[in-house]
Amino acid sequence: MCHHHDILRSSDQEMQQEEKKIDRRQFLTRTSLGLGAAALGSLFGADKLFARNSGLPPVGNGGLPGLPHHLPKAKRVIYLFMSGGPSQFETFDYKPALSDMFGKELPPSVRGEQRLTGMSAQQSSLPIAPSAYKFDQYGESRAWVSELMPHTAEVVDDLCFIKSMQTEQINHDPAITFFQTGHQLPGRPSIGSWVSYGLGSSNENLPTFIVLNSKNAGGQPIYSRLWGNGFLPTQHQGVQFRSGKEPVLFLNNPENYDGEDRAKMLDYLKQLNEIQHSAYGDPEILGRIAQYEMSYRMQTSVPEITDMSDEPEHIFDMYGKDSRDSGTYAANCLMARRLLEKGVKFVQLYHRGWDQHNYLPGGIRNQCKNTDQATAALIKDLKQRGMLEDTLVIWGGEFGRTVYSQGKLTPDNYGRDHHPRCFTMWMAGAGVKPGFTYGATDDFSYNVTENPVHVHDFHATLLHLLGVDHEKLIFKHQGRRFRLTDVGGHVVKDILA
């Protein structure tokens with residue numbers, strides 16, 4: 001009898017030991033099934049699967065634990081990127097002293113040791129070109145605005161101008177890449193991807209990060225890597241909405257397919273992906289499941305959001321006649337507002353064509369005509385809906401332009417080369433001082449004289465307004481800890497409301 005009990009006790013101990021020995025494959029299989037089920041479960045109402053913690057600020061679906069780091073001022077961002085480098089001389093940085101210096105040589109003391117691009121480095125002369133356009137002061141803030149932007153002039157009391165922006169990049173591609181990813185070389189995650197990774201989504205049916213490009217705009221090309229996820233999980237990359245009948249490529253069902261068994265197909269696909277994940281443990285496989293899930297929901301949400309028929313006539317009139325033409329800058333501004341209303345956290349607009357190396361007076365007039373009304377309308381529209389107070393709007397390009405003319409200078413024509421040393425951007429809305437101007441440049445808008453703001457500082461401030469400490473939003477990749485601001489960046493506290 002005792003021998004029988006010893007055998008049973010020994011058998012029980014062996015079973016307990018075996019239960020403790022969960023090998024890697026079993027562990028990954030069990031956890032992946034749970035994660036996969038939770039991911040696909042949102043197709044059938046995932047909000048019912050988990051109790052919400054009402055004691056903490058909402059961080060969205062999929063955000064990192066502990067974020068936001070502090071109470072955010074901004075819930076969402078619209079970044080109006082003016083690709084090509086808008087001239088500060090013809091927009092917001094008024095330099096009246098230049099009117100008496102037409103054609104005179106740029107003083108060597110002003111240029112110092114700053115490098116020139118290959119396009120003007122060989123010029124025998126660097127003649128000063130005053131702006132061909134008049135400026136005036138507007139609003140209670142008395143901000144200076146060019147005559148080319150009469151609509152923006154109406155909203156200056158909502159804007160926070162930064163006239164002392166700086167970057168090290170003197171050519172378009174590295175400069176744009178630097179602004180969008182914090183590094184001049186491709187491969188890093190974009191701003192919107194960092195925001196998606198850190199804060200997650202505020203909606204179930206649309207991506208966290210959406211990109212809109214103006215159609216039929218010339219100038220420097222825009223590459224999809226500018227809204228790429230880099231080394232972050234794939235589901236955080238930006239999704240481009242295009243003009244036309246198919247806003248998102250490969251989203252619609254194939255011809256003659258009604259999609260009734262789509263959910264069943266996704267379920268089987270999920271199971272295959274989970275088997276793959278159990279074998280290799282690659283987290284990107286779970287990201288793939290999440291992307292299939294989002295695509296399924298977007299088949300309904302995208303046609304709904306891109307159908308503008310429910311917008312009243314006075315809204316189209318506010319944004320301008322182009323707002324009725326899908327894919328134009330004006331239509332994209334209106335679409336951006338609609339996306340924010342649906343819970344999209346980060347919307348990026350790209351508008352090309354600001355690269356005026358010659359024939360600048362005519363070129364920049366057309367650019368302003370195509371963008372000014374819709375930009376101002378976006379500010380007014382957000383404000384009248386009570387959304388501007390928790391939406392951050394950003395306007396600016398990758399660098400500024402030179403005070404001297406590139407090429408031949410005449411009384412009615414000139415061009416301007418790239419100038420990274422100082423240029424103007426503006427921000428509006430959540431958490432920034434309205435009707436405020438920060439920083440200053442010299443009489444030639446060639447050097448910053450007050451409060452320089454570097455690209456890393458801009459990124460640090462943007463993340464701060466979203467409730468994120470830029471030094472703590474980190475992703476470890478290939479043995480190094482990366483962040484949007486690399487190893488720099490300071491929050492520009494003086495512009496915070």
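Where does Arg-142 lie? Arg-142 sits in the loop between β2 (135-138) and β3 (143-146). This is a predicted model, and Arg-142 is a good place to enter it.

**Backbone turns worth a look**

The phi of Arg-142 is near 55 degrees, a positive value in a residue other than glycine. Arg-142 is partly exposed, with a relative accessible area of 42%. Asn-451 also has a positive phi, about 50 degrees, although it is not a glycine. Find Asn-451 in the loop between β14 (448-450) and β15. Its relative accessibility is 34%, so Asn-451 counts as partly exposed.

One peptide bond also deserves attention. Leu-67 and Pro-68 are joined by a cis peptide bond, with omega about 0 degrees. Pro-68 belongs to the loop between α2 (24-41) and β1 (76-82).

**Strand β4 and its partners**

Now turn to strand β4, residues 159-166. Is β4 buried or exposed? Of its 8 residues, 8 are buried, so β4 is largely enclosed by the rest of the structure. The table lists strands that pair with β4.

| Partner of β4 | Bridges | Direction | Example of a bridge pair |
|---|---|---|---|
| β11 (residues 423-429) | 5 bridges | antiparallel | Ile-162 and Met-425 |
| β12 (residues 436-438) | 3 bridges | parallel | Ile-162 and Tyr-438 |
| β15 (residues 453-454) | 2 bridges | parallel | Gln-166 and His-454 |

Follow Ile-162 across the sheet. Ile-162 stands opposite Met-425 in β11. In β12, the bridge partner of Ile-162 is Tyr-438. Gln-166 of β4 has its own partner, His-454 in β15. As a rule, side chains in a regular strand alternate between the two faces of the sheet.

**Helix α5 and a buried glutamine**

Helix α5 spans residues 172-181 and is mostly covered. Of its 10 residues, 8 are buried. Among them are His-172, Ala-175, Ile-176 and Thr-177. Phe-178, Phe-179, Gln-180 and Thr-181 are buried too. An α-helix has 3.6 residues a turn, so residues three or four places apart point the same way. After α5 comes Gly-182, with a positive phi near 85 degrees.

Gln-180 leads to another part of the chain. Gln-348 and Gln-180 are 168 residues apart in sequence. In space, their C-alpha atoms are 10.0 Å apart. Gln-348 lies in strand β7 (residues 346-351). With a relative accessible area of 2%, Gln-348 is buried.

**Aromatic contacts**

How many aromatic pairs are there? The count comes to 19 aromatic pairs. In one of these, the ring centres of Tyr-197 and Phe-475 are 5.5 Å apart and the planes meet at 80 degrees, so the pair is edge-to-face. This pair links distant parts of the chain. Tyr-197 is in helix α6 (residues 191-199), while Phe-475 is in strand β16 (residues 475-477). They are 278 residues apart. Both Tyr-197 and Phe-475 are buried.

Phe-475 also pairs with Phe-231, and that pair is stacked. The distance is 5.7 Å centre to centre, with 15 degrees between the planes. Phe-231 lies in the loop between β5 (209-213) and β6 (239-241) and Phe-475 in β16, so the pair ties together parts that are 244 residues apart in sequence. Phe-231 is buried, as is Phe-475.

Elsewhere, one aromatic cluster is formed by Tyr-79, Phe-81, Phe-179, Trp-227, Tyr-350, Phe-423 and Phe-458. Phe-179 is also one of the buried residues of α5. A ring can also sit beneath a charge. Lys-433 lies over the face of Phe-436, at 4.7 Å from the ring centre.

**Enclosed spaces**

Rolling a probe the size of a water molecule over the atoms shows where empty space is left. This structure holds 2 cavities of 30 Å³ or more. The largest cavity has a volume of about 50 Å³.

Which residues line the largest cavity? Pro-86, Ser-87, Gln-88, Thr-91 and Phe-92 are among them. The lining also includes Trp-395, Gly-397, Phe-399 and Gly-400. Phe-423 and Thr-424 belong to the lining as well. By type, the lining divides into 5 nonpolar and 6 polar residues, with no charged ones. Phe-423 has appeared before, as a member of the aromatic cluster.

Technical notes. Residues are numbered from 1 along each chain as its sequence is written. This is a predicted model: local features need pLDDT of at least 70, side-chain atom pairs count only at pLDDT 80 or more; totals for chains, interfaces and linings use all residues. Side-chain values use heavy atoms; hydrogens and water are left out. On a 1 Å grid over the protein atoms alone, a cavity is a set of points where a 1.4 Å probe fits but cannot get out, and a pocket is an open set with protein on both sides within 12 Å along at least five of seven lines; lining residues have an atom within 4 Å of a point. Grid points are joined across faces, edges and corners, and a volume is the space filled by probe spheres set on the points. Ala, Val, Leu, Ile, Met, Phe, Trp, Tyr, Cys and Pro count as nonpolar, Asp, Glu, Lys and Arg as charged, and the others, Gly among them, as polar. Buried means under 20% relative accessible area, exposed over 50%, partly exposed in between (1.4 Å probe, protein chains only). Helices (H or I, at least four residues) and strands (E, at least two) are DSSP runs, numbered from the N terminus. Two strands pair if DSSP finds at least two bridges between them. Rings of Phe, Tyr and Trp (its six-membered ring) pair if their centres lie within 6.5 Å; planes under 30 degrees apart count as stacked, over 60 as edge-to-face and the rest as tilted. A charge sits over a ring if NZ of Lys or CZ of Arg is within 6 Å of the ring centre and within 35 degrees of the ring normal.
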